[in-house]
Structures are given as structure tokens and as C-alpha cells.
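Thanks for sharing this one. Here are a few notes on strand pairing to read alongside the model.

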Amino acid sequence: EGDGTCSVSGDINASGTILFNKSIALSGDVKFTSTGTTTFNSDISGLHDITVQGNAVTSGTVEISTNSLNAKGKFTNTGNLTNKTTINADKDFTNSGTWLTDTNDKVIFNGAGNQTFNSGNGTYSSVEENKTSGSLTINDSANVTAFTITNATSTVFSNAQTIGTLEINSGGTTTFNGFAEITTLTDYSSSGDIAFNAGGIIKTDTVFNTTGILTFGSSSDTFIFATSSSANPADKNITHTAGQTIITGKLKGATQTFASTTLSGTLDAENAVTISTATINGASTIKSNSINFIGAISGLGKELTLESTGSSANISIKDTSLKTLTFTAQSPASTTLTLTGTLTTADTITFPYPATIDGTIISQNGNAVFNSALILAADSAIGDSTHKTPFIVSKDSTVNLQNNSLSVKGSSLFLGKLNASGSSGGLVVDKDFVISHATGTDKTEINAPVEAENIVLYKGELAANANMT
């Protein structure tokens with residue numbers, strides 16, 4: 001036990017507790033070994049290392065300005081602590097007092113077993129996790145200027161966190177179960193799985209490089225990439241093309257780019273959303289000026305709404321299988337749809353805006369309805385041998401075959417105009433080609449060859465300027 005200003009070096013061993021009520025000045029490296037607790041009630045200084053073999057407690061008003069403090073047992077602060085050194089924590093770390101941060105303040109978790117960081121809602125300059133085994137759980141709502149995960153197997157942030165710069169090198173799994181406010185996030189291919197389960201904000205453009213799974217939220221949460229939470233629209237970008245992304249709830253960002261994506265929520269992007277492949281796990285909505293699916297969309301029992309939000313918008317999809325696909329637009333007159341591959345829905349699919357197709361459109365239990373212009377980019381089909389999808393073209397809609405053939409495996413109700421720009425352009429209907437307008441003065445205009453099992457005119461006018469057989 002010391003009672004005064006002490007100059008200390010070497011090893012101090014005690015069978016019970018070690019207590020320092022006044023300042024310690026290190027004249028060399030020192031090691032305290034105790035079966036109980038080593039307690040510091042005043043300042044610790046000196047350009048040397050201090051090691052506490054056993055539990056360490058700082059109480060009262062304490063300033064630590066040594067080279068480092070190595071806590072081999074539990075470390076607890078119950079007083080007013082100003083930390084100006086690096087604390088290496090092998091066990092649990094608890095701040096139940098006041099943590100007065102300094103630019104040299106650093107805490108490193110490097111224990112072999114599971115560790116808990118009870119931050120006490122303090123403000124920390126630098127925290128690092130460098131563990132090859134065991135987990136780290138961060139409780140309370142810490143404010144950390146720089147948090148680095150150098151090596152980890154499992155890192156869990158249990159409560160809301162505010163982090164200036166977060167760097168994840170080799171992360172195993174990193175999980176935020178509270179709201180995450182992060183200014184800048186940097187990760188690498190080796191960063192592992194990253195999950196934001198309770199909403200949050202990242203305030204800079206972010207490219208996630210991890211090949212692991214990136215997860216956003218629960219159904220009631222919103223995660224934003226923006227300068228501030230009040231930014232409307234969100235003005236920062238997110239990219240994750242190195243691994244799978246799972247999105248539940250709402251994700252907002254200016255431009256969003258993903259590879260393999262599982263969606264059961266809402267993507268809200270001011271500029272563009274680009275997705276390589278998508279699995280729709282629940283009713284979902286994507287809102288953006290530009291929506292581009294490079295690869296397939298799957299989810300035959302699910303519903304997807306694609307909403308164009310800009311003044312000149314394009315929606316592009318490929319090889320899609322859904323229960324319901326709905327298109328909406330804030331500026332319908334300037335919205336275009338592009339479809340390639342096979343589009344399959346269980347219910348009726350309606351195209352309210354100009355559409356260009358190169359492939360097959362199948363509605364298993366309903367119709368394919370075109371309420372605006374349809375352009376064929378290549379030979380295409382409506383329905384297949386199993387699903388004889390009716391092809392409905394509304395009044396004032398124009399089908400432009402260009403120099404391509406459109407094969408309809410079922411019947412067609414055709415109330416608009418049919419055009420072709422080449423001799424190979426033609427419409428082939430396996431069943432009935434029907435004209436049945438609301439009034440007798442409405443007209444169907446045919447300017448390209450039509451072949452059908454039956455051509456039926458119930459009501460309205462027909463202007464046939466090409467062969468109909």
C-alpha cells in the first residue's frame with residue numbers, strides 16, 4: 001500500500017489488494033500483481049509501461065499519462081478519469097464514472113476470451129479491437145472518434161453508437177443492434193458480415209468491399225446515407241457489389257448499387273438503383289429516377305413496386321418472376337420501361353408507360369395489358385405453351401413491331417394501333433384476335449400483318465392497311 005507521491009519501478013506483488021491514494025511517477029516499467037484489486041485514486045505518470053496483473057480500478061480524480069497501461073484483469077473506472085495513454089484490456093472494461101477524453105486516449109481490446117466494453121455513454125478518442133478469438137460486446141451508447149476493428153470474430157454494438165470513423169479490417173461479424181451514427185466507414189474484402197439491425201446513418205459516400213453479407217434493418221427501421229438525418233433527399237451514395245446485400249425496412253441514398261440482393265422493404269434513391277440479381281422476400285418498393293436490374297429478379301409469391309421519381313426516368317428489368325409487378329411514376333409522360341428475358345407474374349401485369357421488350361411476358365393467372373406504347377427490340381412473345389396469357393392493347397396505345405415478330409400464345413383484345421417498320425414485322429395470335437370497343441366510332445388501326453385462328457370484330461371500326469388472315 002502506498003500513501004504519498006511514489007516513484008515506482010520493477011514488480012510489486014501483494015497477496016491482497018494494492019491501493020495508491022496519491023500520485024505515482026514511474027521511473028521504469030512496473031508490474032503490479034495482486035490476487036485482489038489494484039486501485040489508483042490519483043495520477044499515474046512517467047514514460048514507461050505499467051502492467052496490472054489482476055483487476056484494476058481508477059477512482060477519484062485520476063490522470064493516466066504513462067506509455068501504456070496493460071490491464072490483464074478487469075478494468076473499471078468509477079471516478080473522473082482523464083486518459084492520455086493506451087490501455088490494453090485483456091478482460092472486461094467498465095466505465096461507471098466520467099471518462100474525460102484526450103487526443104492520446106486509446107483503448108485496445110486484445111483478450112483471448114469474450115470481452116465486454118461497458119462504455120458508460122462516455123466519449124473516447126480511439127478504440128481498437130484486435131482479437132484472434134472471443135467476442136467483443138459494446139454496451140451503453142458510446143461516442144468514439146475512431147473505432148478500428150483490426151482482428152475480430154464477433155463484434156456486437158448493443159445500443160446506439162456515434163462513431164466518427166469506423167474501419168473494419170478483419171471483422172468476422174460486426175453487428176449493430178442499436179441506431180448507428182457513423183461519419184465515415186471503411187471496410188475490406190476480409191471484413192466479414194456487417195449488419196445494421198436498428199437503423200442509422202452514414203454521412204459520406206460508402207463503398208462496402210466485404211465479400212460477406214451486408215444487412216440493413218428490420219421492417220420498422222430506416223437507414224440513410226446522407227450528410228445529415230434531415231437531408232431530403234438523401235445525398236450520399238452506397239455501393240456493395242462484392243457480396244450479398246439483405247435489405248429489410250427502408251434504405252435511403254442518392255445512388256444505390258448492389259450485386260446479389262434480398263429485399264423485403266423499400267429502396268429510396270434520388271438518382272439511381274442498380275441491382276445485379278434480386279430475391280424479393282416480401283412486399284417491396286424501389287423508388288428512383290433510374291431503376292436497372294442487370295440480372296434476374298425472383299420471388300414468384302411476392303409483390304414488387306417500381307416507382308420512377310424523376311422527370312425523365314427509366315426502369316429496366318430482366319428475367320423476372322413475381323406474384324405482382326407494379327409500375328408507378330411521378331412523371332408518367334417521361335417514364336420508359338425496358339424488359340429483356342422472361343418476365344413472369346402470377347397476376348395480371350399492366351404496363352402504364354412506354355415499354356420496349358426483348359423476350360417473353362407471361363402472366364400465369366391474368367393478362368398482359370399495355371396502356372401505352374409498346375416497341376419490340378427483337379422477336380418476342382406473350383405467354384408460352386403452358387400459360388396462354390391474353391394480350392390486351394388499350395385504345396390510343398401503339399404497338400410498333402419494327403422489323404420483328406410478336407407471338408401471342410393466347411388471345412388478343414386489340415383496341416389500339418399496330419405498326420411495323422420492316423417486312424418481317426408481324427403479329428401472330430394462336431387464338432382469337434378480338435376488336436371490341438366501348439363505342440362504335442372507336443377505331444383499331446392495323447398497319448402490319450396479323451395472323452390469328454379467328455379475327456372477331458364485335459364493336460368499333462377497323463382500318464386494315466395490311467394483311468389479316
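**Notes on two strand neighbourhoods**

1. A good place to begin is N292, whose bridge partner is S316 in strand 30. Keep in mind that this is a predicted model. The strands behind that contact are strand 28 (residues 290-293) and strand 30 (residues 313-329), which pair in the parallel sense over 3 bridges.

2. Strand 30 also pairs with strand 29 (residues 297-308), again in the parallel sense and over 9 bridges. If you would like a position to click on, G299 stands opposite L322 of strand 30.

3. Next, look at strand 31 (residues 335-345): strand 30 pairs with this strand over 9 bridges, in the parallel sense. Here T320 stands opposite L343, a residue of strand 31. Strand 30 is thus a handy anchor for your view, as it pairs with strand 28, with strand 29 and with strand 31.

4. Now to another part of the chain. How many residues of strand 13 are buried? In strand 13 (residues 123-130), 6 of the 8 residues are buried, and the strand is mostly covered.

5. Strand 13 has a parallel partner in strand 11 (residues 106-109), and 3 bridges join the two. Within this pair, V107 stands opposite V127 of strand 13.

6. Strand 15 (residues 143-151) pairs with strand 13 as well, in the parallel sense over 7 bridges. To find this pairing on screen, start from N130, whose bridge partner in strand 15 is N151.

Definitions and conventions
Residues are numbered from 1 along each chain as its sequence is written. This is a predicted model: local features need pLDDT of at least 70, side-chain atom pairs count only at pLDDT 80 or more; totals for chains, interfaces and linings use all residues. Side-chain values use heavy atoms; hydrogens and water are left out. Two strands pair if DSSP finds at least two bridges between them. Helices (H or I, at least four residues) and strands (E, at least two) are DSSP runs, numbered from the N terminus. Buried means under 20% relative accessible area, exposed over 50%, partly exposed in between (1.4 Å probe, protein chains only).
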